[in-house]
Amino acid sequence: MLQKFDLSIALTLSTWPALTLSVQNSWGGPNSVEKRDWFAGAISELFTSTPNADTIIDVEYLEEFMLQVMNDEFEVNVEDGSGEEVAAKIVGLRKLCGRGDFELVDEMLGRWRERQARGGERVVFQRMREGDDDEEEEQDSDDDDEEEVDDGDVEMDDAPELVKAPKEKIVPKVDEEGFTEVVGKKRR
């Protein structure tokens with residue numbers, strides 16, 4: 001049961017776009033692949049080392065753990081809700097594996113092998129700007145002749161020429177005995 005559950009964790013993480021993108025772009029450093037493998041092991045260990053794990057570790061707990069690892073190890077702040085989906089899948093797979101039902105794990109393994117035979121999958125990063133919706137906006141029929149292309153660039157004027165500000169000359173302090181006080185750069 002434990003081997004199949006460990007396999008299910010690794011397979012589930014391999015389908016998580018946020019983690020796959022992080023590994024492909026080495027956001028976790030040059031050993032991002034090893035971090036992904038460690039991540040799967042850390043989730044497995046979380047379940048095996050926690051007494052009464054099936055009652056204590058729920059979707060919310062696991063999601064929080066996974067998002068923390070993504071932030072700490074890959075410097076990625078996942079806010080798209082995919083962490084909850086992946087956590088729910090892992091918790092569900094834990095229950096299935098606990099009952100001895102490995103059919104879903106075997107299906108996942110088959111799909112993974114097919115992807116690997118095709119050369120794997122690349123995750124493409126698509127930047128969403130604030131205010132973008134999934135739905136397309138309707139255009140008036142009057143505007144059909146004119147197409148406006150918005151590539152996100154803003155036309156700007158040339159920057160003003162830099163002018164050197166005159167440095168204020170520091171006058172040395174001389175005390176009544178004729179000694180000059182030395183002042184550090186931070187105190188000027």
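Which residues are buried in α1? In the predicted model examined here, the buried residues of helix α1 are Phe5, Ser8, Ile9, Leu11, Thr12 and Leu13. The cover over these residues is supplied by several other helices, including α2 (17–24), α3 (32–49), α5 (59–74), α6 (82–98) and α7 (103–117). Helix α1 itself runs over residues 2–14 and comprises 13 residues. From the first C-alpha to the last, α1 reaches 18 Å, which is close to the 18 Å expected at 1.5 Å a residue.

The setting of this helix is a chain of 188 residues that contains seven helices and two strands. The order of elements along the sequence is α-α-α-α-α-α-α-β-β. Buried residues account for 26% of the chain. The area exposed by the chain is about 15,500 Å², and 46% of that area is supplied by carbon and sulfur atoms. When contacts between residues at least 6 apart in sequence are considered, 66% of them join residues at least 24 apart.

A detailed view of the packing is offered by Ser22, a residue of helix α2. Ser22 has a relative accessible area of 0% and is therefore buried, the cut-off for burial being under 20%. Once neighbours within four places in sequence are set aside, the contacts of Ser22 are Trp27, Gly28, Ser32, Met70, Phe74 and Val76.

One of these contacts of Ser22, Gly28, also has a C-alpha atom 7.0 Å from that of Glu75. Along the chain, Glu75 and Gly28 are 47 residues apart. Glu75 is located in the loop between α5 and α6. With a relative accessibility of 68%, Glu75 counts as exposed, whereas Ser22 is buried.

Charged side chains were considered next. In the whole structure, three salt bridges are found. One of them is formed by Lys4 and Asp106, whose closest N and O atoms are 2.6 Å apart. Because Lys4 belongs to helix α1 and Asp106 to helix α7, this pair ties together parts of the chain that are 102 residues apart in sequence. Both partners are partly exposed: Lys4 has a relative accessibility of 26%, and the value for Asp106 is 40%. Helix α7 is also among the elements that cover the buried residues of α1.

A further salt bridge joins the side chains of Lys35 and Glu73, with an N to O distance of 3.5 Å. This pair likewise links distant parts of the chain, as Lys35 lies in helix α3 and Glu73 in helix α5, 38 residues apart. Glu73 is partly exposed, at a relative accessible area of 27%. Helices α3 and α5 both appear among the elements covering the buried residues of α1.

The remaining salt bridge is made by the side chains of Asp37 and Arg36, separated by 3.8 Å from N to O. Asp37 counts as partly exposed, at 47% relative accessibility. Arg36 is partly exposed as well, at 28%.

Definitions and conventions. Residues are numbered from 1 along each chain as its sequence is written. This is a predicted model: local features need pLDDT of at least 70, side-chain atom pairs count only at pLDDT 80 or more; totals for chains, interfaces and linings use all residues. Side-chain values use heavy atoms; hydrogens and water are left out. Helices (H or I, at least four residues) and strands (E, at least two) are DSSP runs, numbered from the N terminus. Buried means under 20% relative accessible area, exposed over 50%, partly exposed in between (1.4 Å probe, protein chains only). Contact means heavy atoms within 4.5 Å. Accessible areas come from the Shrake-Rupley method with a 1.4 Å probe; for residues, only the protein chains shown count as cover. The expected span of a helix is 1.5 Å times one less than its number of residues. A salt bridge is a side-chain nitrogen of Lys or Arg within 4 Å of a carboxyl oxygen of Asp or Glu.
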